[in-house]
Structure formats: C-alpha cells, structure tokens
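Visitor: I've got a new chain to look over, and I'd like a guided tour with plenty of questions. Could you pull it up?

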Amino acid sequence: MLRFPRTTAALALLLTVAACNANDAATSAVAEAIPDVTIPEISLKTMQDVVGALASDEFEGRAPGTAGEEKTVALLVERFKAAGLEPGNNGSWTQDVPLVEITAENVSPLTFTGGKAPMSLAYGSEFVAGSYRVQPKIEVKDSDVVFVGYGIHAPEKGWNDYAGLDVKGKTVVILVNDPDWQVAEAQGEFNGRAMTYYGRWTYKYEEAARQGAAAALIVHDTEPAAYGWNVVQSSWTGTQYLAASENNGADQTAANGWIQLDKAKALFAGAGQDFDALREAAKKKGFKGVPLTGVKASLSFDNKIARKMSKNVIGVLPGAKRPDEYVLYTAHWDHLGKCEPVNGDGICNGAIDNATGTAALVALAEAHKKAGAPDRTLVFLAVTAEESGLLGSKFYAENPVFPLAQTVGGVNMDALSGSGPAKDIIVIGRGKSQLDAYLEKAVAQEGRVVVNEPTPEKGFYYRSDHFSLAKLGVPMIYFDGGEDLVDGGTDAGKAWAEAYTEDRYHAPSDDMSAITSWDGMMADLRLYYAVGRMLAMTEAWPNWNDGDEFRAARDKSRTAAK
Ligand SMILES: [Zn+2]
C-alpha cells in the first residue's frame with residue numbers, strides 16, 4: 001500500500017487552513033523541546049545499490065515465504081551490520097512472524113428468517129464473509145440481528161453505539177465510515193470528512209468482537225466506503241492473510257463480512273424498520289442500537305488453513321544516554337512477488353513500493369552512525385507482509401521487542417518519491433500528534449512547506465505500517481514528498497504521480513525504470529533523518545493531540561510505565 005494519487009495544490013492549501021485547531025498552543029510548547037539537528041550527507045550510492053538489488057528480478061518481487069524473502073533478509077542483515085548497527089532482537093537480526101493463510105470454502109448463502117419473508121443472500125454478488133478465527137468450520141445459526149449504527153465505542157468522545165445493548169452471540173449490522181463523513185470540512189466530532197479509525201472496516205470488526213458478537217456485517221455504500229462493491233467482492237473472496245495469534249482468534253467474531261445496501265434495506269423493511277431513517281438517527285450522539293426483532297441470521301463455511309513463517313528484520317543503534325528509550329524507523333520490505341504478467345514481465349519488483357523505504361532504513365542507519373551515538377536508541381525495523389494487511393508490523397506491535405511504553409515514537413517510510421525534488425511535503429494524518437511540530441521544524445530548516453493530504457476521507461493514515469503501532473498508542477508520523485516540484489511545479493508533479501498510479505502501481509513496471517530521478521527521495525530522506533534524530537536527542541515524550549483516538553492508549557501505557 002501507499003498513498004496515491006498525490007495532491008492538488010489548491011485543495012492542499014485549503015486543508016492547511018482547516019487544520020489550524022485548538023492544539024496550536026500545545027504545539028508551540030512542544031516546539032521548544034525540539035533540539036536542533038545537523039543533517040549529514042546521506043548516501044545516494046547506498047540508496048541506488050540497495051533499491052537496485054531489492055528490485056532486481058533475482059529477488060522475485062519479495063513475497064513473504066519465498067526465496068525472494070531469504071535474499072531480502074540476508075541483504076538487509078548484511079547492510080545493517082556494515083552500517084554499524086547491532087542485532088535488534090536479543091542478539092538476533094530477525095523476529096519470526098508466523099502467518100496464516102485462510103480461504104473460505106463451501107460458503108452457504110447468508111439467510112435471514114423471522115421477518116416478513118425469508119431472505120437468502122448469494123455469496124459474492126450480495127454478501128461476502130470470512131473469519132479471523134483459525135478453525136476449520138464456521139457456523140452462525142439462528143443468531144439474533146441488531147443494528148448498531150456506526151458500531152463505534154469512543155469513550156473519549158462520550159460516544160457508544162453499543163450502550164445498553166447485549167450483542168453476545170448476535171449478528172450486528174453496521175454502517176460504513178464514521179458519523180460525520182458528509183461534513184465538508186475536515187473538522188468535527190469525527191473529523192468531518194476526514195476519516196478517523198472509527199470509520200475503518202477493521203475497527204468495526206474489532207469492536208464487534210470486543211462486544212462478543214457472533215457475526216459483524218457492514219452495509220456497503222459506495223460513497224462513504226470510497227469504493228464499489230466490486231472492490232469488496234474481489235478483496236473478500238479468495239485467500240486472506242492473518243498474523244498468527246496464540247488463541248487462533250478465539251476472541252474474534254466467528255464471521256465478518258459485508259452486505260449490499262439494497263439487501264440491507266430489504267432486511268430492515270422485513271423487520272418493520274426503516275433503514276434510511278435509522279441511518280440518519282445513527283449520525284447523532286446518543287443513538288441507541290435497534291434489534292431487528294424476530295429476525296435470525298444463519299451462515300456457514302469451511303476454512304482452508306495454511307501456515308508459513310516470515311521475518312521482520314531489526315537493527316539498533318544503541319543510545320548513549322537513555323538506551324532504554326526507543327525511536328523507530330519502519331518500512332515494509334515485502335512486495336507482491338510473482339504477479340499477473342504484463343508484456344511478458346511477471347515479477348512485481350516493487351522498486352518504489354517499497355524497495356525505496358527499505359533502502360532508506362540502511363541509508364539512514366549509516367547516516368545516524370556517522371553522526372555519533374544518539375541519546376536514545378534508534379531502531380531500524382523492516383517489516384514483512386504489509387501488502388497482505390500490515391501483518392509484520394501488527395505482529396511486532398503485539399509482540400514488541402522493545403516495550404511500547406518505552407518507545408517514544410517513530411517514522412514510517414512507504415514508497416518514496418521517484419520524481420525530482422518537491423517544494424512541499426505531504427503529511428498523512430496531520431493534526432493527530434505532536435510529532436507534526438518535529439516535522440514542521442525540519443521542513444522549515446530545509447526551506448520547504450508542509451501540506452495536508454488531499455483525500456483524508458480515504459483514511460490513508462490507517463493503511464500502512466505506522467498504524468499498527470499508532471493503534472497501540474505509539475505516536476507515529478507518516479509523510480511523503482509533495483508534488484509541487486522545484487522543476488515544473490504541480491503540473492509536472494501531478495503528471496508524474498498519475499503516471500505512476502496508472503501504469504506502475506502494484507504492476508510489474510514498478511521497477512527501476514519507475515525512478516526517473518533520485519533527487520526527490522534524497523531531499524525527503526533529509527527530513528526522515530531529521531525527525532528521527534530530533535526524537536532521539538530530546539527528553540520529551542510527544543503525545544497524540546487531545547481528542548485523538550489513540551491518545552487514551554498512550555496515556556494508559558505511559559502511566560503504567562512511570
Ligand atoms: Zn507500500
């Protein structure tokens with residue numbers, strides 16, 4: 001994954017203004033604690049050598065569990081060692097990441113009985129479903145059905161769609177996105193049109209599981225979902241990937257899935273309820289979930305299960321003053337491997353996505369080593385299986401080598417620029433944490449400007465590896481080179497980004513020829529260096545801003561650590 005297409009300048013400016021908020025005062029206090037750093041030479045040769053190797057056909061597109069993985073891990077260990085890092089996992093350079101491949105087979109229709117007329121939804125065209133439970137047989141039988149609005153429990157906002165409901169063993173029906181997604185500005189209880197984590201489908205299933213539901217069904221709706229049913233259908237049928245857990249997902253819902261909007265309307269009408277009216281009501285705080293009285297849901301399928309092992313690679317540069325405080329750099333080393341051939345080329349090399357970010361770990365390690373020991377320990381974490389759903393980073397976050405409460409924060413790099421240098425830098429999820437102030441200081445020092453992401457409604461902050469750590473409270477920042485190019489302005493930048501998205505993204509042609517200039521990423525690397533170095537040299541513990549959905553997790557873990 002990466003965030004594409006990039007921005008348009010006009011929209012970005014508009015959003016920059018909208019981002020000014022009540023956290024400004026807190027931000028200026030934060031800014032005072034940010035140390036000055038000198039940015040050393042960062043090696044272009046390292047970038048070219050490492051990207052060149054990772055994106056070569058010999059590495060087979062770096063799919064987890066393949067010979068391409070072995071070569072990738074070996075190269076990273078060799079380069080981390082040569083850069084002067086130490087092994088990060090108790091003497092080992094790697095962390096084993098057990099993966100599960102799970103495929104639903106013999107899927108029954110999804111049936112609803114007890115309404116005015118029985119309904120039977122066809123698998124694929126009318127509903128899709130899968131399971132996070134790693135068990136061979138899934139059966140949901142005559143389960144009560146409850147509409148839970150947006151399915152959100154957000155204590156920091158005083159919002160609980162499950163208040164007063166007992167959904168244990170029941171099937172919950174949930175709206176996609178968050179309650180104020182139609183608000184034009186990126187401001188409001190749930191950040192207006194900008195998506196919060198409460199709007200992501202992953203969250204809906206997690207919350208339903210916490211509530212003890214047997215099944216969770218999201219009602220598809222093209223606009224708030226930001227994609228059509230075809231995307232739901234293609235991504236939810238076929239093999240799914242999970243990071244293995246000790247309980248094999250026993251704490252998850254038995255089944256989770258999506259249903260078509262018109263089927264949801266019919267289902268509600270059959271139970272004497274008005275879907276449109278309930279959808280309106282669910283936008284308001286204090287909304288109470290509504291049981292579809294008398295209606296029972298049933299569904300069954302088999303799970304074909306396969307397991308394989310992959311690896312995260314971890315190197316550290318120990319801190320001289322506070323070695324037990326950690327600053328992270330993350331980037332996913334994996335890509336799609338062998339893929340659908342185009343013009344006879346059947347290897348998805350993933351040069352930009354994400355050989356660039358992975359090589360950046362090496363180049364930054366070298367630069368930090370050269371600059372001398374930081375005060376805090378710098379951790380260089382190359383994670384696996386991002387393309388399968390952020391699995392390597394999720395596994396690390398749930399099984400951290402270094403305690404998350406002692407992890408100050410971090411920077412994620414996913415798909416660096418392959419164009420010339422830009423005047424701007426795009427922050428994904430701007431306004432979420434005090435890390436913005438670190439980046440802003442570095443950007444000002446470099447004579448560039450910060451702009452907001454152009455499509456916050458797409459929730460890109462929740463779609464790369466930094467999110468796995470953010471969700472558990474660790475402040476993480478994610479930014480990309482902009483598209484207002486020094487040479488050619490936004491026209492040139494947009495043209496470059498659009499060509500990449502259309503012709504090369506997740507295709508065999510994301511190879512070395514996709515990098516038309518190294519200047520943009522080398523300029524951006526200076527910012528990645530500076531933000532990491534600032535975090536490694538300060539005594540401050542930057543936090544999520546007030547009202548952010550990850551603040552409570554951080555406050556809790558830091559309080560416990562003190
Ligand atoms: Zn990526």
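**Rings, charges and cores**

Guide: Let's start at a ring with a charge on it: Arg 558 has its charged end over the ring of Trp 541, 3.5 Å from the ring centre. Keep in mind that this is a predicted model.

Visitor: Which other residue lies over the face of Trp 541?

Guide: The charge of Arg 558 already sits over that ring. A second arginine lies over the face of Trp 541 too, at 5.1 Å from the ring centre. That one is Arg 376.

Visitor: Before I trust any of this, over which residues is the pLDDT below 50?

Guide: On the whole the chain scores well, with an average pLDDT of 92 and 95% of the residues at 70 or above. One stretch falls below 50, though the model still gives it 64 contacts beyond near neighbours in sequence. Where pLDDT is low, the predicted coordinates should not be read in detail. The stretch to treat that way is residues 1–22.

Visitor: Fair enough. Which residues have the most contacts inside the largest nonpolar core?

Guide: In soluble globular proteins, nonpolar side chains tend to be buried together. Here the largest such core has 72 residues. Apart from it lies another core, of 70 residues, including Phe 127, Leu 404, Val 451 and Phe 460. In the largest core, the residues with the most contacts are Met 47 and Phe 380.

Visitor: Take Phe 380, then. Which histidine does Phe 380 touch?

Guide: Leave aside residues up to four places away in sequence, and Phe 380 touches residues including Phe 80, Leu 85, Val 313, Ile 314 and Tyr 329. Leu 361, Leu 364 and Ala 365 are also among them. The histidine on that list is His 368.

Visitor: Back to aromatics. How is the pair of Tyr 132 and Tyr 205 arranged: stacked or edge-to-face?

Guide: There are 26 aromatic pairs by the ring-centre rule. In this one the centres are 6.3 Å apart and the planes meet at 85°. Planes over 60 degrees apart count as edge-to-face, so the Tyr 132 and Tyr 205 pair is edge-to-face.

Visitor: How many residues apart are Tyr 132 and Tyr 205?

Guide: Tyr 132 is in the loop between β5 (127–130) and β6 (137–147), while Tyr 205 belongs to helix α5 (residues 201–210). Tyr 132 is partly exposed, at 23% relative accessible area, whereas Tyr 205 is buried at 1%. The pair links distant parts of the chain, and the separation is 73 residues.

Visitor: And Tyr 326 with Phe 402: stacked or edge-to-face?

Guide: Tyr 326 comes from strand β14 (residues 322–332), and Phe 402 from the loop between α11 (391–398) and β18 (407–412), 76 residues apart. Tyr 326 is buried at 12% relative accessible area, and Phe 402 is buried at 10%. Their centres are 4.3 Å apart with 25° between the planes. Because planes under 30 degrees apart count as stacked, this pair is stacked.

Visitor: Now the disulfide. Which two cysteines form it?

Guide: The structure holds one disulfide. Its sulfur atoms are 2.2 Å apart, and with 100° about the S-S bond the link is right-handed. Both cysteines are buried. They are Cys 339 and Cys 348.

Visitor: Any backbone oddities? Which residues does the cis peptide bond with omega of about 5° join?

Guide: One of the two partners lies in helix α10 (residues 351–370). The omega of about 5° is what marks the bond as cis. The residues joined are Asp 353 and Asn 354.

Visitor: Asn 90 and Asn 248 have positive phi too. Is Asn 90 buried or exposed?

Guide: Asn 90 has phi of about 45° without being a glycine, and its place is the loop between β1 (86–87) and β2 (94–105). Asn 248, with phi near 55°, is in the loop between β11 (240–243) and β12 (255–259) and is partly exposed at 29%. The relative accessibility of Asn 90 is 77%, and over 50% counts as exposed, so Asn 90 is exposed.

Visitor: Last one: how far apart in space are Glu 105 and Glu 139?

Guide: Glu 105 is in strand β2 and partly exposed at 31% relative accessibility. Its contacts beyond four places in sequence are Phe 301, Asp 302 and Lys 304. Glu 139 is 34 residues away in sequence, and the C-alpha to C-alpha distance is 13 Å.

Conventions: Residues are numbered from 1 along each chain as its sequence is written. This is a predicted model: local features need pLDDT of at least 70, side-chain atom pairs count only at pLDDT 80 or more; totals for chains, interfaces and linings use all residues. Side-chain values use heavy atoms; hydrogens and water are left out. A disulfide is a pair of cysteine sulfur atoms within 2.5 Å. Buried means under 20% relative accessible area, exposed over 50%, partly exposed in between (1.4 Å probe, protein chains only). pLDDT is the predictor's confidence in each residue, from 0 to 100. Contact means heavy atoms within 4.5 Å. A nonpolar core is a set of buried Ala, Val, Leu, Ile, Met, Phe, Trp, Tyr and Cys residues joined through side-chain atoms within 4.5 Å. Rings of Phe, Tyr and Trp (its six-membered ring) pair if their centres lie within 6.5 Å; planes under 30 degrees apart count as stacked, over 60 as edge-to-face and the rest as tilted. Helices (H or I, at least four residues) and strands (E, at least two) are DSSP runs, numbered from the N terminus. A charge sits over a ring if NZ of Lys or CZ of Arg is within 6 Å of the ring centre and within 35 degrees of the ring normal.
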